[in-house]
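Me: I should like to work through this model by question and answer. Please keep each reply brief and explicit about its criteria.

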Amino acid sequence: ELSPLSTTTYTAQISDIYGCPSQSSNFTIFVIEQQSVDLPDAFSPNGDGINDVIYPDGLGIERIVSFEVYNRYGQLVHKAEQLEGQNRILDIGWDGTFKGKKQAVDVYNYIVVVKYYNIEKPFVERGAFRLIK
């Protein structure tokens, strides 16, 4: 299994058990380096099993450094960090509650800090989404 993080050329050498001359061939795996942070515009944490949790995702993300959600008054209602081996949905996502209480239908602001593959400096994305029922 090959999983290069950048475009890489490999040489494969093939031989058989009968002593026939070996063959080698070069092949290149092209990696298009793209990065993005994506969150939906809305989510509905109503317990129906569909879009009950909002979480950051995207292209080229190695790790979510932090995911913060703020209500309209600037109060931090959710903060999470992705540790090694954690799943973004279960461990980073927000389920629409704060201190065990369901939050109101409203617009919430977020700040996501991500670490991309092949880029040393963390990237900060800010935006908003709507909590709907």
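The exchange below treats the chain as a whole, then its sheet, its aromatic pairs and its salt bridges.

Me: On what basis are residues numbered and features accepted?

Reply: Residues are numbered from 1 along each chain as its sequence is written, and side-chain values use heavy atoms, with hydrogens and water left out. This is a predicted model, in which local features need pLDDT of at least 70 and side-chain atom pairs count only at pLDDT 80 or more, while totals for chains, interfaces and linings use all residues.

Me: Which pattern of helices and strands does the chain follow along the sequence?

Reply: Helices (H or I, at least four residues) and strands (E, at least two) are DSSP runs, numbered from the N terminus. The chain holds 1 helix and 9 strands. Read along the sequence, the pattern is β-β-β-β-β-α-β-β-β-β.

Me: What is the radius of gyration of the chain, set against the globule rule?

Reply: The radius is taken over C-alpha atoms, and the globule rule is 2.2 Å times the number of residues to the power 0.38. For 133 residues the rule gives 14 Å, and the chain is well over this, so it is more spread out than a compact globule. The C-alpha atoms fill a box of roughly 75 × 35 × 25 Å along the principal axes. The radius of gyration is 22 Å.

Me: What percentage of the residues in the chain is buried?

Reply: Buried means under 20% relative accessible area, exposed over 50%, and partly exposed in between (1.4 Å probe, protein chains only). Of the 133 residues in the chain, the buried share is 29%.

Me: In what order do the strands of the open sheet lie?

Reply: Two strands pair if DSSP finds at least two bridges between them. The open sheet has 5 strands with mixed pairing. Its edge strands, β3 (42-43) and β5 (76-80), each pair on one side only. The order is β3-β9-β8-β4-β5.

Me: Which residue in β9 stands opposite asparagine 109?

Reply: Strand β8 (residues 106-116) pairs with strand β9 (residues 123-131) in the antiparallel sense, over 9 bridges. Opposite asparagine 109, the residue in β9 is alanine 128.

Me: Which glycine in the turn of the β4 and β5 hairpin has a positive phi?

Reply: β4 and β5 run antiparallel and are joined by 4 bridges. The hairpin they form has 5 residues between the strands. The turn residue with a positive phi, of about 85 degrees, is glycine 74.

Me: How many residues apart in sequence are tryptophan 94 and phenylalanine 129?

Reply: Rings of Phe, Tyr and Trp (its six-membered ring) pair if their centres lie within 6.5 Å; planes under 30 degrees apart count as stacked, over 60 as edge-to-face and the rest as tilted. Tryptophan 94 and phenylalanine 129 form a tilted pair, 6.2 Å centre to centre with 55 degrees between the planes, and both residues are buried. Tryptophan 94 lies in the loop between α1 (88-92) and β6 (97-98) and phenylalanine 129 in strand β9, so the pair ties together parts whose separation in sequence is 35 residues.

Me: Which residues form the aromatic cluster?

Reply: The structure holds 8 aromatic pairs. One cluster is made up of Phe43, Trp94, Tyr108, Tyr110 and Phe129.

Me: Is lysine 115, the partner of glutamate 62 in a salt bridge, buried or partly exposed?

Reply: A salt bridge is a side-chain nitrogen of Lys or Arg within 4 Å of a carboxyl oxygen of Asp or Glu. In this pair the closest N and O atoms are 3.5 Å apart, and it links glutamate 62 in strand β4 (residues 61-70) to lysine 115 in strand β8, 53 residues apart. Glutamate 62 is partly exposed at 39% relative accessible area. Lysine 115, at 16%, counts as buried.

Me: Which residue in β5 is the bridge partner of glutamate 68?

Reply: Glutamate 68 is buried, at 13% relative accessible area. Its side chain also meets that of lysine 79 in a salt bridge (3.5 Å, N to O). The bridge partner in β5 is likewise lysine 79.

Me: What is the N to O distance between aspartate 106 and arginine 72?

Reply: Aspartate 106 lies in strand β8 and arginine 72 in the loop between β4 and β5, so their salt bridge ties together parts 34 residues apart in sequence. Aspartate 106 is buried, with a relative accessible area of 16%, whereas arginine 72 is exposed, at 54%. The N to O distance is 2.7 Å.
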